[in-house]
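Please read these notes with the structure open beside you. They go through it point by point.

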Amino acid sequence: MPDLSKAEKEVLLRKHEMTLKLRNEFIKQSTNPYRHALGEGGYVFDTGLARHQAMTVSHYEHFRPTGHAFRWGFGLVILPIVLYGWAMKAERSCRETKYRNGEVAYKDRNFKFI
């Protein structure tokens, strides 16, 4: 940490203090023996986790199609399928051409009954 500026060190120390504070609060709440008597059950309600779950449920309701989203979808779904189909067709047509021209003997073919 010697190469960090004073402001960066202060930010890191504040983050560390907040982490310790939240950790201690979680330990305090999770080890409270009277939680079941309060009717809250045996878990600690985490607002951050609740916000994340609410966001994942309503993500599709707030989705806006953009060029970036289109590129991601095209690159991850459509493009691999098209490239795989093109490679398979090219390889099969090349193999079929060799079969029809007599370059491959019948005994050397992989699929003899087609």
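1. In which helix is Met55 found? The residue belongs to helix H2, which covers residues 47–57. This is a predicted model, and the points below should be read with that in mind. Met55 has a relative accessible area of 43% and is therefore classed as partly exposed, since that class lies between under 20% for buried and over 50% for exposed.

2. Met55 also serves to give a sense of distance. Phe111 lies 56 residues from Met55 along the chain, and their C-alpha atoms are separated by 52 Å. A second pair can be set beside this one: Asp108 and Thr19 are 89 residues apart in sequence, with 68 Å between their C-alpha atoms.

3. Asp108 sits in the segment after H3. Is Asp108 buried or exposed? Its relative accessibility is 51%, so Asp108 counts as exposed; the cut-off for that class is over 50%.

4. Helix H3 spans residues 67–101, and Val77 has its place there. Val77 is partly exposed, at 45% relative accessible area. Val77 is also one of the residues of a nonpolar surface patch. The other members are Phe70, Trp72, Phe74, Leu76, Ile78, Leu79, Ile81, Val82 and Leu83. Together the patch residues have about 1000 Å² of accessible area. Val77 meets the accessibility condition for a patch because its 45% is over the 30% that patch residues need.

5. How many salt bridges does the structure hold? There are 2. Side chains of opposite charge can pair when their charged atoms come close. The two pairs are taken in turn below.

6. One salt bridge joins Glu91 to Arg95, with 3.2 Å between the closest N and O atoms. Both residues are in helix H3, and because they are 4 residues apart, about one helical turn separates them. Glu91 is partly exposed at 43% relative accessible area. Arg95 is partly exposed as well, with a value of 23%.

7. Another salt bridge brings together the side chains of Glu96 and Arg100, at 3.0 Å from N to O. These two residues also lie in helix H3, 4 residues apart, which is about one turn of the helix. Glu96 counts as partly exposed at 36% relative accessibility, whereas Arg100 is exposed, with a relative accessible area of 69%.

8. The last point concerns a pocket. Rolling a probe the size of a water molecule over the atoms shows where empty space is left. The second largest pocket has a volume of about 160 Å³. Which residues line the second largest pocket? They are Leu22, Arg23, Glu25, Phe26, Gln29, Val44, Phe45 and Asp46. Sorted by class, this lining consists of 4 nonpolar, 1 polar and 3 charged residues.

How values were computed
Residues are numbered from 1 along each chain as its sequence is written. This is a predicted model: local features need pLDDT of at least 70, side-chain atom pairs count only at pLDDT 80 or more; totals for chains, interfaces and linings use all residues. Side-chain values use heavy atoms; hydrogens and water are left out. Patches are made of residues with over 30% relative accessible area and no salt bridge: like charges are joined within 9 Å, nonpolar side chains (Val, Leu, Ile, Met, Phe, Trp, Tyr) within 5 Å. Accessible areas come from the Shrake-Rupley method with a 1.4 Å probe; for residues, only the protein chains shown count as cover. A salt bridge is a side-chain nitrogen of Lys or Arg within 4 Å of a carboxyl oxygen of Asp or Glu. Buried means under 20% relative accessible area, exposed over 50%, partly exposed in between (1.4 Å probe, protein chains only). On a 1 Å grid over the protein atoms alone, a cavity is a set of points where a 1.4 Å probe fits but cannot get out, and a pocket is an open set with protein on both sides within 12 Å along at least five of seven lines; lining residues have an atom within 4 Å of a point. Grid points are joined across faces, edges and corners, and a volume is the space filled by probe spheres set on the points. Ala, Val, Leu, Ile, Met, Phe, Trp, Tyr, Cys and Pro count as nonpolar, Asp, Glu, Lys and Arg as charged, and the others, Gly among them, as polar.
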